[in-house]
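I opened this notebook to keep a record of what I looked up in one structure, going from the whole chain down to single pairs of residues.

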Amino acid sequence: MAAALLGSLGHLDTTHSLSNPRVTLDGDTAHLEGIMACQHLPREDHSRHVLMTNRYDVDLARQGQVWVIRHLTVDNAWTEGDPSVLAGI
């Protein structure tokens, strides 16, 4: 997943900030809900941008010493700016 994101987002300067995380643990499974604020700017032109706030709903499972995402739903709450900044992703 990281390699795919780096390949598709490599032309952008981005920030992502998670707030209001709520985690429910149940043995080797977990559920996470949170709000993700995202900022994307073309690396060569910071005069254009797109800002978004998304609700994340994530199901996770423990595999050995790490937690892996089993299911992820991203629900956009609002967007501001130029959505074409994300073209080609």
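The entries below follow the order in which I looked things up.

**Entry 1: the whole chain**

I note at the outset that I am working with a predicted model. I looked up the secondary structure and found one helix and four strands, which follow one another from the N terminus in the order α-β-β-β-β. I then checked the radius of gyration, which is 15 Å and thus well over the 12 Å that the globule rule gives for 89 residues, so I wrote the protein down as more spread out than a compact globule. The box filled by the C-alpha atoms, taken along the principal axes, came out at roughly 45 × 25 × 15 Å.

For the surface, I recorded an exposed area of about 6000 Å², of which carbon and sulfur atoms supply 55%. I also noted that 21% of the 89 residues count as buried. Among contacts with a separation of 6 or more, 47% come from residues 24 or more positions apart.

**Entry 2: the sheet**

I traced the strands next and found an open sheet of four, in the order β1-β2-β3-β4 and with antiparallel pairing. Strands β1 (12–26) and β4 (66–81) stand at the edges and have a single partner strand each, so one side of each is left without a neighbour in the sheet. I looked up the twist as well, and from one strand to the next it averages 20 degrees. As a reminder to myself, strands of a sheet pair through backbone hydrogen bonds, either parallel or antiparallel.

I then went through two of the pairings by their bridges. Strands β1 and β2 run antiparallel and are joined by 13 bridges; one of the pairs that I looked up here is L12 with its bridge partner P42 in β2. The hairpin of β1 and β2 has two residues between the strands, and in it G27 takes a positive phi near 65 degrees.

Strand β2 (residues 29–42) and strand β3 (residues 50–63) also run antiparallel, with twelve bridges between them. Here I followed two positions across to β3: A30 has L60 as its bridge partner, and G34 has Y56.

**Entry 3: S17 in the first strand**

Which residues does S17 touch, once those up to four places away in sequence are set aside? I found S17 in strand β1, and the residues that it touches are I35, M36 and A37. For one of these, M36, I also looked up the C-alpha to C-alpha distance from S17, which is 5.5 Å although the two are 19 residues apart in sequence. S17 has a relative accessibility of 45%, which falls between the 20% limit for buried and the 50% limit for exposed, so I entered S17 as partly exposed.

**Entry 4: salt bridges**

How many salt bridges does the structure hold? I counted five, and I followed up several of them by residue.

I took D13 and R43 to begin with, whose closest N and O atoms are 2.9 Å apart. D13 lies in strand β1 and R43 in the loop between β2 and β3, so this pair ties together parts that are 30 residues apart in sequence. Both ends are partly exposed, D13 with a relative accessible area of 24% and R43 with 45%.

I went on to D28 and R62, whose side chains meet in a salt bridge at 2.9 Å, N to O. Since D28 lies in the loop between β1 and β2 and R62 in strand β3, the pair ties together parts that are 34 residues apart in sequence. D28 is partly exposed at a relative accessible area of 46%, and R62 likewise counts as partly exposed, at 39%.

I also looked up R48 and D82, which form a salt bridge with their closest N and O atoms 3.1 Å apart. This pair links distant parts of the chain, with R48 in the loop between β2 and β3, D82 in the segment after β4, and their positions 34 residues apart. I recorded R48 as partly exposed at 29% relative accessible area, and D82 as partly exposed at 26%.

Conventions. Residues are numbered from 1 along each chain as its sequence is written. This is a predicted model: local features need pLDDT of at least 70, side-chain atom pairs count only at pLDDT 80 or more; totals for chains, interfaces and linings use all residues. Side-chain values use heavy atoms; hydrogens and water are left out. Two strands pair if DSSP finds at least two bridges between them. Axes are lines fitted to C-alpha atoms, for helices over the stretch in contact, and angles run from 0 to 180 degrees between N-to-C directions. Buried means under 20% relative accessible area, exposed over 50%, partly exposed in between (1.4 Å probe, protein chains only). Contact means heavy atoms within 4.5 Å. A salt bridge is a side-chain nitrogen of Lys or Arg within 4 Å of a carboxyl oxygen of Asp or Glu. The radius of gyration is taken over C-alpha atoms; the globule rule is 2.2 Å times the number of residues to the power 0.38. Accessible areas come from the Shrake-Rupley method with a 1.4 Å probe; for residues, only the protein chains shown count as cover.
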